[in-house]
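Trainee: I would like to go through this model with you and ask, for each term we use, what justifies it.
Mentor: Good, then let us set each value beside its cut-off before we conclude anything.

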Amino acid sequence: MATESPVQSAGSPRWRSLPARLLIAGTVAAVGAFSALMVMPDANAAASTLGAAAAQSGRYFGTAIAAGRLSNSTYSTIAAREFNMVTAENEMKPDATQPNRGQFNFSAGDQIYNWATQRGIPVRGHTLAWHAQQPGWMQSMRGSTLRQAMIDHINGVMAHYRGKLHSWDVVNEAFNEDGSRRQSNLQGTGNDWIEVAFRTARAADPSTKLCYNDYNIENWSYGKTQGVYNMIRDFKSRGVPIDCVGLQTHFTGGSSLPGNFQTTLSSFAALGVDVLLTEVDVTNASTSQYAGLTQACLNVPRCIGITVWGVRDSDSWRASENPLLFDGNGNKKAAYTSVLNALNAAGPTPSSPGPSSSATPGTGNRIVGAQSGRCVDVPSASQNNGTRVQLYDCNGQSNQAWTLTSSRQLTVYGTRCLDAAGSGNGSAVQIYSCNGQANQQWNVNSNGTITGVQSGRCLDVWGTGNGQQIQIYDCNGQANQRFSLN
Ligand code: G3I
């Protein structure tokens, strides 16, 4: 469920408030007269947080969160303000989620999930199958017993989070530096263990994106990068389900930004997977490396988001290298500014339009259902956060006038956004204060569907009559999921 977030959306309320007030009381004519004002973005507007700045080009900017730190107000204030994606740093790993065989424990993972969800921030799952951070009982397992335990673990954890997560790191760190497979108890169960993990994961939760995640795969000419690339190419050619690759991007411990980083990102993307920078940190937070890695992602359309591995330097697993964007007191560092500036320079006109968005941003549009001929309507012209939208006879009034922005929001009254209250099938579609987050971003597709960026699901309505509520649902190609923006 989305809640009001301090994250500022790309368009500031400053330029929206007057036309929004006028539109509330306005007539049809007034809608036309003021709609130009409503969508006139300030060309020089710069977003003031990392998440909002990334959202301008349809991306996210996330952080790893440790459940034990959420009670620290400096930490949680920065986290909620700056980031629009969250990864559990340790709390969704096998040792945390299945400490005893067959006994799952989601208390710490849920603490992070609930904290994020209450703030409208989507969550990445990390990680399901890994040689490290296995519970003791799993570490000693081998062969077919371990293979079954891995499958059971994936099924158990994904059932709990089914329909709730943006993506999962299904398999983590399975390669050696030379590109061969890492020897581990999992590898000992047979070379097909990774594809079995992905097939199991797809069946367990078809709604979430499935990623392979690793470190030292940032340099295109490195053996490990080629090993992972070849595996994903093979998976794609054989139909093994995989949606994304996570490059951890730890430029710490002796690593640094390679000159061919963008080549690596675009090469992975060309295989047909999304590319995510999942655990970024940089020794002494070099501004040039932070700006460079950010720009490389912005330059590759399928690089969909960046996550830093912690909030403040003191929260980092490599704290002595001061590798993050906030110092131990929570102050923004120079690297923060270099990242924010790079993100802002890419927006509000996206350097990379969304993978499937075909519509041109525009104002005062009706969203008309192909099956019903009726319009997407805010009941009683309510401006209350959480009001579910419905179908209603088209009447040209402001509660049916939607503006598609360059950051893929669909706004109404200037200040409210079409908002998915969840990402699972049947989640409500409502209006909510615009916050720049992925549950408020929509791809208007050339096939007539409108899909949620967070969920990948389609705007959908079960019936055709006045008052039928809109929801999101798995895209099925039927007329009740086709809408025209005109
Ligand atoms: O919670 C216990 C605490 O009770 C105990 O007193 C203390 C004593 O050592 O340990 C605490 O657990 C530590 C845990 O972090 C939480 O702080 C573990 O020892 C420590 O090993 C663990 O380190 C984590 C590491 O993964 C383990 O592999 C780091 O926080 C985490 O940032 C790091 O994350 C990994 C990614 O998952 C995968 N990629 C690399 C990345 C960095 O290593």
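**From the ligand shell to the sheet**

Mentor: In this predicted model, the residues of the shell around the ligand divide into three nonpolar, six polar and four charged. Of the 13 residues around the ligand, those that come nearest are Glu89, Lys93, His126, Glu173 and Glu279.

Trainee: What makes the approach of histidine 126 to the ligand a polar contact?

Mentor: A polar side-chain atom of histidine 126 lies 2.7 Å from an oxygen atom of the ligand, and the cut-off for a pair of N or O atoms is within 3.5 Å, so the pair qualifies as a polar contact. Asparagine 90 has a polar side-chain atom 2.9 Å from an oxygen atom of the ligand, and for glutamate 173 an N or O atom of the side chain is 2.8 Å from a nitrogen atom of the ligand. As for cover, the ligand has 770 Å² of accessible area on its own, and the protein covers 44% of that area.

Trainee: What kind of peptide bond joins histidine 126 and threonine 127?

Mentor: The bond between histidine 126 and threonine 127 is a cis peptide bond, with omega about 0 degrees. Threonine 127 has its place in strand β3, residues 123–130.

Trainee: Why is threonine 127 called buried?

Mentor: The term requires a relative accessible area under 20%, and threonine 127 has 0%, so the word buried applies to threonine 127. A polar atom of the side chain of threonine 127 also lies 2.7 Å from the backbone oxygen of aspartate 169.

Trainee: How do you know whether asparagine 399, in the loop between β13 (390–392) and β14 (402–404), is buried or exposed?

Mentor: The relative accessible area of asparagine 399 is 6%, and the limit for buried is under 20%, so asparagine 399 counts as buried. The C-alpha atom of asparagine 399 is separated by 5.8 Å from that of aspartate 377, although these two residues are 22 residues apart along the chain.

Trainee: What is said of the phi of threonine 249?

Mentor: Threonine 249 is not a glycine, yet its phi is positive, about 65 degrees. This residue lies in the loop between β6 (244–247) and β7 (250–251), and threonine 249 is buried, with a relative accessible area of 0%.

Trainee: Where else does a residue other than glycine have a positive phi?

Mentor: Tyrosine 413 is such a residue, with phi near 60 degrees, and its place is in the loop between β15 and β16. The hairpin of these two strands has three residues between them. Tyrosine 413 has a relative accessible area of 2%, which is under 20%, so tyrosine 413 too is called buried.

Trainee: How do you know that β15 and β16 pair?

Mentor: Pairing needs at least two bridges, and two bridges join β15 (residues 410–412) to β16, so the requirement is met and the strands count as paired, running antiparallel. In this pairing, threonine 411 stands opposite cysteine 417, and valine 412 stands opposite arginine 416.

Trainee: How many bridges join β16 to β17?

Mentor: Five bridges join β16 to β17 (residues 429–433), and these strands also run antiparallel. In β17, tyrosine 432 is the bridge partner of cysteine 417.

Trainee: What makes β16 mostly covered?

Mentor: Strand β16 spans residues 416–420, and five of its five residues are buried. Arg416, Leu418 and Ala420 point one way from the strand and Cys417 and Asp419 the other way, and all of them are buried.

Trainee: Which strands stand at the edges of the sheet, and why are they described in that way?

Mentor: The open sheet has five strands in the order β10-β14-β15-β16-β17, with antiparallel pairing. Strands β10 (362–365) and β17 each have a single partner strand, so one side of each is left without a neighbour in the sheet, and they stand at its edges. From one strand to the next, the twist averages 35 degrees.

Notes:
Residues numbered from 1 in each chain as written. Predicted model: local features only at pLDDT ≥ 70, side-chain atom pairs only at ≥ 80, totals over all residues. Heavy atoms only, no water. Buried < 20%, exposed > 50% of the residue type's maximum accessible area, 1.4 Å probe, protein only. Helix = DSSP H or I, 4+ residues; strand = E, 2+ residues; numbered from the N terminus. Near = heavy atom within 4 Å. Polar contact = N/O pair within 3.5 Å; in protein donor to acceptor, adjacent residues only side chain to side chain. Areas by Shrake-Rupley, 256 points an atom, 1.4 Å probe, with all protein chains shown as cover. Nonpolar A, V, L, I, M, F, W, Y, C, P; charged D, E, K, R; others polar. Axes fitted to C-alpha atoms, helices over the stretch in contact; angles between N-to-C directions.
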